[in-house]
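Work through these exercises with the sequence and the model open. Each task is followed by a stepwise solution.

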Amino acid sequence: MLTARQLTKAYGARKALDGLDLEVGGGEVLCLLGPNGAGKTTTLHLFLGLLKPTSGTALVKGVDVAADPITARRHIAYVPEQVQLYPHLSGLENLGYFLGLALPAPPPPERLHTLLREAGLPAEAATRPVGGYSKGMRQKVVLALALAREAEALLLDEPTSGLDPVSIRELGNLIKRLSARGASVLMVTHDLSIVRSVAHRVGVMKAGRLVELTPAASLSEEGLERLYWKHFEPEGATGPSLPHASGA
Ligand SMILES: Nc1ncnc2c1ncn2[C@@H]1O[C@H](COP(=O)(O)OP(=O)(O)OP(=O)(O)O)[C@@H](O)[C@H]1O
């Protein structure tokens, strides 16, 4: 569903992404971890067609994103770190408006209510202006949009930052439901709790390169922490250490 072939993005001499080869299959949840500046958001933006690759290819359902970004984007729903909605419109009105742009005919109001409920937005909030929503509530409107469009691929950029534990659990449940329906999920995160609950595979990026790619089932809780932390160690450090051991 999502394929990167030697995908590279350079800014001058500096490679933000360096020769990424990656496949995310239908129904698979792949979580990308790694330090700040590792190239994770760049990877998402290349799949979304927001950036042009310097070389290599990003494919969405076989469509080359750089050659035909509009067709590629039809298969994708994207949850950015900062969700932008119209603050003076309600969740219901925002959803109706954006679906009107994305679909030939917008669904009736009853269907919009159902979608928002399925995404976890409390019914009383659906008709309130989004300007008064929390981050998690705004995110649920975007997830309702993804549900309505039956997007085959879901890209999420640090979706749990700023969410409370209940909202994180609800987000995890929704991701699992979408993946069970066959959606491919590519999620960038620093949150190991959601990785543990939803990931089928875990990738770790560092300095523009994918340096680890492991089935989640092969990782114990401590194994996942070690995998995560070892790439925060300075170059040349001997062996991984857990945060309490390194004082990080
Ligand atoms: N427009 C740009 N011009 C120059 N360099 C850029 C630009 N956008 C990103 N970069 C660089 O590309 C590298 C990868 O950035 P990217 O945002 O993909 O990292 P990230 O892994 O998502 O980090 P974070 O966890 O902080 O979000 C960084 O070194 C960043 O400074």
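## Exercise 1: Two glutamates in loops

Glu-150 is exposed, having 12 other C-beta atoms within 10 Å. Burial is scored by counting other C-beta atoms, placed from the backbone, within 10 Å of a residue's own: 20 or more is buried, 12 or fewer is exposed, and in between is partly exposed. This is a predicted model, in which local features need pLDDT of at least 70, side-chain atom pairs count only at pLDDT 80 or more, and totals for chains, interfaces and linings use all residues. Residues are numbered from 1 along each chain as its sequence is written.

Task: Place Glu-150 and Glu-158 in the fold, and state what is notable about phi in each.

Solution.
- Step 1. Glu-150 sits in the loop between helix 5 (135-149) and strand 7 (153-157). Helices (H or I, at least four residues) and strands (E, at least two) are DSSP runs, numbered from the N terminus.
- Step 2. Glu-158 belongs to the loop between strand 7 and helix 6 (165-180). Glu-158 counts as partly exposed, because 17 C-beta neighbours lie inside 10 Å.
- Step 3. Phi of Glu-150 is near 45°, a positive value in a residue other than glycine. For Glu-158, phi is also positive and near 45°.
- Step 4. Most residues other than glycine have a negative phi.

## Exercise 2: The ligand shell

Task: Which residues are around the ligand, and how do they divide into nonpolar, polar and charged?

Solution.
- Step 1. Apply the cut-off: a residue is near a molecule or strand if its C-beta atom, placed from the backbone, lies within 6 Å of it.
- Step 2. The shell around the ligand holds Tyr-11, Ala-16, Gly-34, Asn-36, Gly-37, Ala-38, Gly-39, Lys-40, Thr-41 and Thr-42.
- Step 3. Sort by class. Ala, Val, Leu, Ile, Met, Phe, Trp, Tyr, Cys and Pro count as nonpolar, Asp, Glu, Lys and Arg as charged, and the others, Gly among them, as polar. The result is three nonpolar, six polar and one charged.
- Step 4. Helix 1 (residues 40-48) gives the largest share of this shell, three residues.
- Step 5. Look at Asn-36, in the loop between strand 3 (29-33) and helix 1. Asn-36 counts as exposed, because its C-beta neighbours inside 10 Å number 8.

## Exercise 3: Buried or exposed?

Task: Are Val-65, Leu-30 and Thr-127 buried or exposed, and what does each touch?

Solution.
- Step 1. Fix the contact rule: two residues are in contact if their C-beta atoms, placed from the backbone, lie within 7 Å.
- Step 2. Val-65 lies in the loop between strand 5 (63-64) and helix 2 (69-74). Val-65 is buried, with 26 C-beta neighbours inside 10 Å. Not counting residues up to four places away in sequence, Val-65 touches Leu-46, Phe-47, Gly-49, Ala-58, Leu-59, Val-60 and Ala-72.
- Step 3. Leu-30 is in strand 3. Leu-30 is buried, with 21 C-beta neighbours inside 10 Å. Beyond residues up to four places away in sequence, Leu-30 touches partners including Val-24, Val-185, Ala-199 and Gly-203.
- Step 4. Thr-127 is in the loop between helix 4 (109-118) and helix 5. Thr-127 is exposed, with 12 other C-beta atoms within 10 Å. Leaving aside neighbours within four places in sequence, Thr-127 is in contact with Ser-90 and Leu-92.
- Step 5. Check one pair. Thr-127 and Leu-92 are 35 residues apart in sequence, and their C-alpha atoms are 6.0 Å apart.

## Exercise 4: The whole chain

Task: How many helices and strands does the chain have, and what is its radius of gyration?

Solution.
- Step 1. The chain has nine helices and ten strands.
- Step 2. The radius of gyration, taken over C-alpha atoms, is 19 Å, close to the 18 Å that the globule rule (2.2 Å times the number of residues to the power 0.38) gives for 248 residues, so the chain is as compact as a globular protein of that length.
- Step 3. Buried residues make up 40% of the 248 residues.
- Step 4. Of contacts between residues at least 6 apart in sequence, 65% join residues at least 24 apart.

## Exercise 5: Confidence

Task: What is the mean pLDDT of the chain, and where is pLDDT below 50?

Solution.
- Step 1. The mean pLDDT (the predictor's confidence in each residue, from 0 to 100) is 90, and 94% of residues reach 70 or more.
- Step 2. Residues 236-248 fall below 50; beyond near neighbours in sequence, this stretch has twelve contacts in the model.
- Step 3. The model scores ipTM 0.96 and pTM 0.90.
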